[in-house]
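The following exercises ask the reader to work through a structure step by step. Please examine the sequence and the model before attempting each solution.

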Amino acid sequence: MRSLSEIETTVKRASRAAGFSWGISEEIAKSVRLLELFGLPGIKNLNQYYKDKEVKKFENLNLISKKNLASLKPYCPIILGVSFLDQVRTIEIVKKIKFINVAYPILFLSFLSRASEIIGKKIHIKIDKNEILLNLNVNIYSNLFNQDFLVVASKIEVEFIENQDSFTESDWQSLYKLSESTFVEENDNLKQGAAGAGLTDND
Amino acid sequence: MKIKLRDPNIIMKLSRLGSFHQSKLSFLRSFLNEFKDWEYKRDLFDLDKNGYGEAVYSFKKETRVYSLVCFANKIDDEERSDRVIATKWDAAFTLHDGVPTKDDIERLKNEVPKQEVGRLSFKELTLSRANKSVRVFNHVVESLSNGEQPDLDLLSKVGYLYRTTAVYGSGKFGLADRFRIKNREEINGPFRLEMMLVYLVRQFTFDQVNHVAHYKNPKKAVKLEEKICKNLGIGNSTGLGMAPFIVNHPTLLNNWILSRETALKKIREIEKVENKDSKLFVECVKKSLTNITSWNTDSEYQQKKIKFLLKDVEKFINHIEKKFNFESKYPFNKIYIWLEKETCEECIEYIVSIMMEPYDNITEPLVKNMSSDEDKYFNIPTHRTVKELRNIIENKYSNILDINFKKKENHQNFWFISKNKEEPRLANRFEENGSELEQPLAIARDIKKLQEKLLLSKNDLSIAEFLSSNTELRHVVRRAFIIEKFPYSEIQDNTISKNIIPIDMLRLKLSFFGALKFDPRSDKWLRICMFQGAPLPNELKNYDKQWVYKTNI
């Protein structure tokens, strides 16, 4: 088994050899390491992408807007990922962003996962018909486990999820009430002495 | 009185970093301190009469066990080489996480002796190999088998029976990644498992030499006396492989230096020094003279440094004995100011290290701060502005900005990775091919390029916008935001100049390991000695903490 350290070092060098700057290569290495840590096929897809890159052209998107359309050539998932990472603090106000025609979307995914951690929000993604939830770079939740990822996604929708509860107020109250069973009812004596401050703590 | 931390523009210069010495903060000393209560055992010792075979040594506490698995092999004299290009060694080692099963040992027997071309698993933590100092090893065998102890003069010239030529960890060749074990309290300090490996290897070398001598002449042979063993360490040959490490781990480098600087600052701030503490300090300085006088090297560069060091330490001893009063206020601050004025860099850093000896209360909490999670500081704060980045560079890299990289001598060298051995190398870009494949280790030159680009950019431009058209500078933009928080994260010097002495970078790292007797074999590799004078495993429960200054050979 290859260690994550070996994966990171080799991806960095290979990415430099594939024509990326050292700084971008460092970003790719971190991202592919992350995919492999989460059990997703980062090495396999990066390898295939670099082979394709030798014979095909891909479009670089440096400035992300609400709707991004690569009409002739698919977007390079790496430049797209790095741009997203760099611009996430400004584009999160858009709430929902669309990308049309993206190569090797799994590679883009790892940058989005890191972006989720940077802004402290979950990110929901639809890649064609598949759905993925990115949880602050702690894990990636998807129904794509053990399936081959797309080589080109015709449409990717990225939605920033506002920090809010995933349960109802009544669910919470019900559970909270149960938790109260661990509390002790204070009599006058306890009210007076158990906290050490007496009944009045005003100066 | 508040003392300021020393200026990174002075301390992070290569000549100063190349003058650092071991101290109480060094990893081999903090390793001994952490593992002194662990149960040490030799679990297996299955060598033939020539000393070839397998052995296992372990440290155990409650349910945790670390086992050193050793393989000693026969090699021909002409196959023995300290170069990293070697493919055979006298012995090979791995530190296994837990108790190795028979299957583990069989698996490791096939892989460990192959070193870089073998494959380890997540159950192994570190990997190393070592060669005999044949001259010393054979002499010791010969002497012991004749019922005599070896010639101490010869032992003192070398200081060890074996030299390691590499110690690998953290995910190399399939070893466990650091993240798998990082929450273990006993290894909350850098390179602790590497230190454990080297320490146990040292014991193996004593056991092996006794074993071979015994089988050579069972009736007459004696064992190597423990006091002689104690005065022997483990050698190490180290080349350029270490140099990129300190550039590629900026926050870790910061935490090492910051701990040292914080210790010095706190010691200088002590208003009244207790008599027992000043006595211990002076005693260590005096006893340490043996470490200088027994420091052998053929390197003229190092001989000169040792000569100045010896002269200055003697001058310092004279000063504190005849002209200095420890009962005055802030005595260590006065000593430090005197050192800066009167002695060379090598001596300043030597005495700074010894100043820490009386102060466990200052150094022990700092040891815990000497690791780092580099990943936490990896993301670039791209919402910040060009103006902010420019200010950081002007404040933190002021000396670097003065270097004129248009001059040939200031960018004469380049760092590259050798295709043959996947190891870092340094070469003249005007004489050798390959500079187009240069590694990103010329930080000073790239920071200067970054500043030139920033000067042409609008103040309020965000870093995200700046990076979209300056992707080739991304690696140094990241570093500049790191140095903003970590003042000692960067070498404040030019790592590609004509005059660079790469062993300064090696020595910095090795001093934090706790190495002694730096012996440069060229400007690019050196030999050192580790654990010389250290307690033997059976003495760990109660040992002299100042053992470093008390070697007898």
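Helices and strands are DSSP runs, of at least four residues for a helix and at least two for a strand, and they are numbered from the N terminus. The model considered here is a predicted one.

**Exercise 1.** Determine where B:Lys36 lies and whether it is buried, exposed or partly exposed.

*Solution.* Begin with the secondary structure: helix H3 (27–35) and strand S1 (39–47) of chain B are joined by a loop, and B:Lys36 lies in that loop. Next, count the surroundings: 15 other C-beta atoms lie within 10 Å of B:Lys36. A residue is buried at 20 or more such atoms and exposed at 12 or fewer. The count falls in between, and therefore B:Lys36 is partly exposed. Finally, when neighbours within four places in sequence are left aside, B:Lys36 is in contact with B:Leu540 and B:Lys541.

**Exercise 2.** Compare the radius of gyration of chain B with that of a compact globule.

*Solution.* Chain B has 553 residues, for which a compact globule would have a radius of gyration near 24 Å. The value for chain B is 24 Å, which agrees. Along its principal axes, the C-alpha trace spans about 85 × 60 × 50 Å. Of the 553 residues, 46% count as buried.

**Exercise 3.** Describe the side of chain B that touches chain A.

*Solution.* First, the extent: 21 residues of chain B are in contact with 19 residues of chain A. Second, the elements: helix H21 (463–468) and helix H22 (474–485) of chain B each give two or more residues to this side. Third, the composition: its residues divide into six nonpolar, 10 polar and five charged.

Notes. Residues are numbered from 1 along each chain as its sequence is written. Chains are lettered from A and ligands numbered from 1 in the order in which they are written. This is a predicted model: local features need pLDDT of at least 70, side-chain atom pairs count only at pLDDT 80 or more; totals for chains, interfaces and linings use all residues. Two residues are in contact if their C-beta atoms, placed from the backbone, lie within 7 Å. Ala, Val, Leu, Ile, Met, Phe, Trp, Tyr, Cys and Pro count as nonpolar, Asp, Glu, Lys and Arg as charged, and the others, Gly among them, as polar. The radius of gyration is taken over C-alpha atoms; the globule rule is 2.2 Å times the number of residues to the power 0.38.
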